[in-house]
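Reader: I should be grateful for a close look at one part of this model, namely its salt bridges, together with their setting in the chain. How many salt bridges does a search of the whole structure find?

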Amino acid sequence: MAKKHFMCTHTWLNEDAKKQGIELTSGMTEKEFFDSVKSDKAETIAHWMGKEDFFFCHWYAESADDIMDVLDKGGFHELMITMPSEMPRFVTADNIQDKKLINPNDWVKFYKLQI
């Protein structure tokens, strides 16, 4: 199955979970962090976290279930709630191409083109 782009919105279950999660990841290098949220079917490719209760990750995965499996295996499910949202349109200034933007409302047509 082909991988797709997902944005995940995460929020801590409570203040203790937030403290535990930040302590868990604060000792990691960036490489260790990305290695800890990766499988053959799903991987985090970007991460944003501020002081607020919500934080965000960009995943490249076969399915939302594969993302949840990685989080579960890492013990992160015990600390946070995750809402994965598939994003058919993914463009980045790091890789500008002369292609028309994907219409997210026409994702079925888009995926047929990818197969």
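Author: A salt bridge is here a side-chain nitrogen of Lys or Arg within 4 Å of a carboxyl oxygen of Asp or Glu. By this criterion, Asp53 and Lys18 form a salt bridge, because the limit is 4 Å and their closest N and O atoms are 3.8 Å apart. The model is a predicted one, and a search of the whole of it finds three salt bridges.

The setting may be given before the individual pairs. The chain comprises four helices and four strands, which follow one another from the N terminus in the order β-α-α-β-β-α-β-α. Its C-alpha atoms fill a box of roughly 45 × 25 × 25 Å along the principal axes. Of the 115 residues, 30% count as buried. The accessible surface amounts to about 8,300 Å², and 53% of that surface belongs to carbon and sulfur atoms. With regard to charge, there are 14 positive and 20 negative side chains, and the centres of these two sets are 8 Å apart.

The pair of Asp53 and Lys18 connects distant parts of the chain. Asp53 belongs to the loop between β2 and β3, whereas Lys18 belongs to helix α1 (residues 15-26), and the two are 35 residues apart. Their exposure may be set out in turn. Lys18 counts as buried, at 14% relative accessibility, while Asp53 counts as partly exposed, at 40%. What surrounds Lys18 beyond the residues up to four places away in sequence? Its contacts there are Trp12, Lys51, Glu52 and Asp53. The salt-bridge partner Asp53 is thus one of the residues that Lys18 touches.

A further pair is that of Glu43 and Lys3, whose closest N and O atoms are 3.2 Å apart. Glu43 is part of strand β2 and Lys3 is part of the segment before β1, so this salt bridge ties together parts that are 40 residues apart in sequence. Lys3 has a relative accessible area of 24% and is partly exposed.

The remaining pair to describe is local. The side chains of Asp35 and Lys31 meet in a salt bridge with an N to O distance of 2.8 Å. Both residues lie in helix α2, four residues apart, which is about one turn of the helix. Lys31 is exposed, at 60% relative accessibility, and Asp35 is partly exposed, at 45%.

Helix α3 (residues 64-73) places some of these elements in a wider context. The buried residues of α3 are Asp66, Ile67, Val70 and Leu71. Viewed down the helix axis, these buried residues fall within an arc of 140°, so they line one face of α3. The face turned away from that buried side carries the exposed residues Asp65, Asp72 and Lys73. What covers the buried residues of α3? The cover includes β1 (4-12), α2 (30-36), β2 (42-49), β3 (54-61) and β4 (80-86). Among these covering elements are α2 and β2; α2 holds both Asp35 and Lys31, and β2 holds Glu43. After α3 comes Gly75, whose phi is positive, near 80°.

Connections across the sequence also arise without a salt bridge. Among contacts between residues at least 6 apart in sequence, 63% join residues at least 24 apart. Met87, in the loop between β4 and α4 (107-114), offers an illustration. Leaving aside neighbours within four places in sequence, Met87 is in contact with His5, Phe6 and Met7. Met87 and Met7 are 80 residues apart in sequence, yet their C-alpha atoms are 6.8 Å apart in space. Met87 itself counts as partly exposed, at 31% relative accessibility. Val91 lies in the loop between β4 and α4 and is exposed, with a relative accessible area of 57%. Between Val91 and Tyr60 the C-alpha distance is 13 Å, with 31 residues separating them in sequence.

In summary, the pair of Asp35 and Lys31 stays within α2, the pair of Glu43 and Lys3 ties β2 to the segment before β1, and the pair of Asp53 and Lys18 links the loop between β2 and β3 to α1.

Methods:
Residues numbered from 1 in each chain as written. Predicted model: local features only at pLDDT ≥ 70, side-chain atom pairs only at ≥ 80, totals over all residues. Heavy atoms only, no water. Buried < 20%, exposed > 50% of the residue type's maximum accessible area, 1.4 Å probe, protein only. Contact = heavy atoms within 4.5 Å. Areas by Shrake-Rupley, 256 points an atom, 1.4 Å probe, with all protein chains shown as cover. Lys, Arg positive; Asp, Glu negative; His and termini not counted. Charge placed at Lys NZ, Arg CZ, Asp CG, Glu CD. Arc of directions from axis to C-beta.
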